[in-house]
Amino acid sequence: MSKLVIVESPAKAKNIKGYLGRGYEVVASMGHVRDLPPARLSVDIDNDFSPKYEVIKGKESFVKDLRKKADNADYVYLATDPDREGEAISWHLATLLDLDLKEKNRVTFNEITKHGVTEGMAEPRTIDTDLVDAQQARRILDRLIGYKLSPFISQKIRRGLSAGRVQSVALRLIVDREEEIRAFKAQEYWTIDAKFTNPPSKKAFSASVYSKNGEKIKIRCKEESDAVLADLENSEYVVKSVKKGTRKKSPTPPFITSTLQQEASRRLSFQARRTMKAAQELYEGVDVAGLGTVGLITYMRTDSLRISEEARAAGNDYILKTYGEKYLPKKPRYFKAKGNVQDGHEAIRPSMPNVTPEYVKGSLTSDQYKIYKLVWERFIASLMENCLQETVKVEITAGDYILTATGYTVKFDGFTALYEELKDEGKDDSSAPLPELAEGDFLRLKSIAGNQHFTQPPSRYTEASLTKALEENGVGRPSTYVTITSTILSREYVKRDGKQFVPTELGEAVTNLLKDKMPNIVNVKYTSKMEDDLDKIDSGAKNYIDMIRLYYNDFEEPLEQAKKEMQGVKIKLKEEETDEICEKCGRHMVIKVGRFGKFLACPGYPECKNTKPLVYKTKARCPECGGDVIEKKTKRGTSFYGCSNYPNCNFMTWDMPSDEVCPKCGKSLFRRRGNVLYCPDTEGCGFTKPAARKKKESPQE
């Protein structure tokens, strides 16, 4: 019998074919094959929001060929990804191929290993129409909101803008945080910090003034600080009490999609898209020396913390052999996810826990290895015993004052022998171990001083902290976070400052318009409730058409009202002035946005109608003719660099120009992959050197 198996990606198709062997043909759909066409609304609002799906442009011949394969096969298996989106792709495929929806032809693989594929093929089921309806509800609502709201804000602010169910809430969080930072007024405060030794020990430790006459002290200015220091002059410092305790520190759960993105950002400085690319490759399968082609991690789009008992046993076995029995908890640890989760598959974990990162390092790319190491260590650590710490709090008397010192020592390292989650920026719970101290000890003062501090504003969001905020507020789902950040960046609603997101004037204008006219769309609690209600469709508890109708009616009325109230109104943004001088009237030209992107225009319009293309000059000179090297864009928006004298000079490169020149020949140096600066004059020079590690800047900045 011939059997056709349809998956989503070619890499996965190749690996699964290797496990299934003869009698099976495995083909890749390359994601969705049918969707709402982008050129029109494609939702019949008056007919129960009926979607008008079409084969995606460019995939017509693929679908035609797939129909032939399905007709010639004795059986067709739909093996798309094991999530809501994958279920919908299987449903679309079944519809296009005229498959019986009551037939058990849906299979899922939580891991692309021999065991995972065999197990999945052994348990085919029918397509879960509740999951399909849940995906359709999101898709249709997103289309309705996007297609109705985007033209409104484009008309009122600037051509080509967009708004969305989750995107607009994410942008509001960033804008609101910026407003908090602007409104923040720093408060001055002082601390009195001392260093002591306890003779005969020479080891110094720190303590700070805590109270005076039994009341906690607050020092607001230098004068108050100096007064405390004057009181403490010539004081004796005596240990009043030493309180010891023990605290347990438990490991963090294995990764879900959002926490993997957050930790990769904190630990590796990976953007979410880079993290998910490496994770996808590890899931789909890589060729590992000694193992063959195998998927190294389980499915990477999940919000479940569940792990299989087989994986737990394999992880425990590794811990026992490597660390010993005391590193295994007497009672297994189970983690429970918060809120509604898709629990059809597991947390992100190594598919074979006994395969260590070092074993596979030589077979992986740098990014794959780093992500695999992160996933593997986090999973193994989650099974290990708690870390035990002995805490110490010391009170020191000095006249009417009490100083305090805290510290801890590790009694048993437990899971921290392998892995410990990094803290968010600005958070630090570390304290140095204290020397042996006892009540009544007279301490030797090494130094004491007042130190000025100022309260700090809240930090701007990074990609990691924005993902965390969206997750904690129940906005969006793990699979959407990468798209959200990409969209608000590409629309120029926010820009990056290092790792931080800073809203642009455009982003603030969009958010303020929506806050004023469409408050529900940017209301975190409202969007979270919508997400919860949409989740109820998964289990069949809610009808998806009723859900769409409820939220569409909530959306349509204020939008129509906003259109009436703002008829003829246009929100004017401050135009960005450049150094380019208009050759017709002498004014500084400004950047405008038109149908085909940005261009330079004279601000004297309509008296002066001069326009010209916007060209970003770099500091580099063309190595062939000496002209300016300018940044250009492909149709997909990717940057490349070329000579401003084109077509008379054809110099072009994908490598970013630097502001450094070659010490041998004086030509501009360019930066290539591997962070290496090189001279492009390879015939006469060939100079290279490692580039300095610094924040990457766009040439236009």
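In this predicted model, Tyr-327 counts as buried, because its relative accessibility of 10% falls under the 20% limit. Tyr-323, with a relative accessibility of 24%, counts as partly exposed, because this value lies between the limits of 20% and 50%. The two residues form a tilted aromatic pair, with 5.4 Å from centre to centre and 45° between the planes. Tyr-526 and Tyr-551 form an edge-to-face pair, in which the centres are 5.7 Å apart and the planes stand at 80°. This second pair links distant parts of the chain, since Tyr-526 belongs to helix α16 and Tyr-551 to helix α17 (residues 544–565), 25 residues apart. Both Tyr-526 and Tyr-551 are buried. The count of aromatic pairs comes to 14. Ring pairs also join Phe-49, Tyr-552 and Phe-555 into a cluster.

Asp-533 is likewise located in helix α16, which spans residues 524–538. Asp-533 counts as buried because its relative accessibility is 5%, under the 20% limit. Apart from neighbours within four places in sequence, the contacts of Asp-533 are Lys-542, Met-547 and Tyr-551. Tyr-551 therefore appears both in the ring pair with Tyr-526 and among the contacts of this aspartate, the latter being defined by heavy atoms within 4.5 Å.

The protein as a whole contains 17 helices and 30 strands. Its C-alpha atoms fill a box of roughly 90 × 75 × 70 Å along the principal axes. Of the 701 residues, 47% are buried. Among contacts with a separation of 6 or more, 66% are between residues 24 or more positions apart.

Helix α6 (residues 167–183) and helix α13 (residues 463–472) have axes that come within 11 Å and cross at roughly 120°. The crossing is right-handed. On the α6 side the contact is made by Ala-170, Leu-173 and Ile-174, and on the α13 side by Leu-466, Ala-469 and Leu-470. These residues divide into 6 nonpolar, no polar and no charged. An α-helix has 3.6 residues a turn, so residues three or four places apart point the same way.

Arg-182 is also found in helix α6. Arg-182 counts as exposed because its relative accessible area of 52% is over the 50% limit. Its C-alpha atom is 8.6 Å from that of Pro-457, although the two residues are 275 apart in sequence. The charged end of Arg-177 sits over the ring of Tyr-461, 4.3 Å from the ring centre. A similar arrangement is found for Arg-274, whose charged end sits over the ring of Phe-270 at 3.9 Å from its centre.

In helix α14 (residues 481–490), the buried residues are Tyr-481, Val-482, Ile-484, Thr-485, Thr-487 and Ile-488. They pack against the helices α6, α8 (257–268), α9 (272–284) and α13, and against the strands β17 (494–497) and β18 (500–503). Glu-492, which follows α14, has a positive phi near 60°.

Lys-212 is placed in strand β9 (residues 205–212). Lys-212 is partly exposed, because its relative accessible area of 32% lies between 20% and 50%. With neighbours within four places left aside, Lys-212 is in contact with Ile-217, Asp-231, Asp-400 and Tyr-401. Lys-212 and Gly-399 are separated by 187 residues in sequence and by 8.9 Å from C-alpha to C-alpha.

Several backbone values remain to be described. Most residues other than glycine have a negative phi, and most peptide bonds are trans. The bond from Pro-199 to Pro-200 is cis, with omega near 10°, and Pro-200 is placed in the loop between β8 (188–197) and β9. The bond from Tyr-646 to Pro-647 is also cis, with omega near 15°. Pro-647 is found in the loop between β25 (639–643) and β26 (652–653).

Asp-98, which is not a glycine, has a positive phi of about 55° and is found in the loop between α3 (84–96) and α4 (114–122). At 70% relative accessibility, over the limit of 50%, Asp-98 counts as exposed. Ser-269 has a positive phi as well, near 60°, and lies in the loop between α8 and α9. Because its relative accessibility is 47%, Ser-269 counts as partly exposed.

How values were computed: Residues numbered from 1 in each chain as written. Predicted model: local features only at pLDDT ≥ 70, side-chain atom pairs only at ≥ 80, totals over all residues. Heavy atoms only, no water. Axes fitted to C-alpha atoms, helices over the stretch in contact; angles between N-to-C directions. Helix = DSSP H or I, 4+ residues; strand = E, 2+ residues; numbered from the N terminus. Left-handed = near helix turned anticlockwise from the far one by under 90°. Nonpolar A, V, L, I, M, F, W, Y, C, P; charged D, E, K, R; others polar. Buried < 20%, exposed > 50% of the residue type's maximum accessible area, 1.4 Å probe, protein only. Phe/Tyr/Trp six-rings, centres within 6.5 Å; stacked < 30°, edge-to-face > 60°. Lys NZ or Arg CZ within 6 Å of the ring centre and 35° of its normal.
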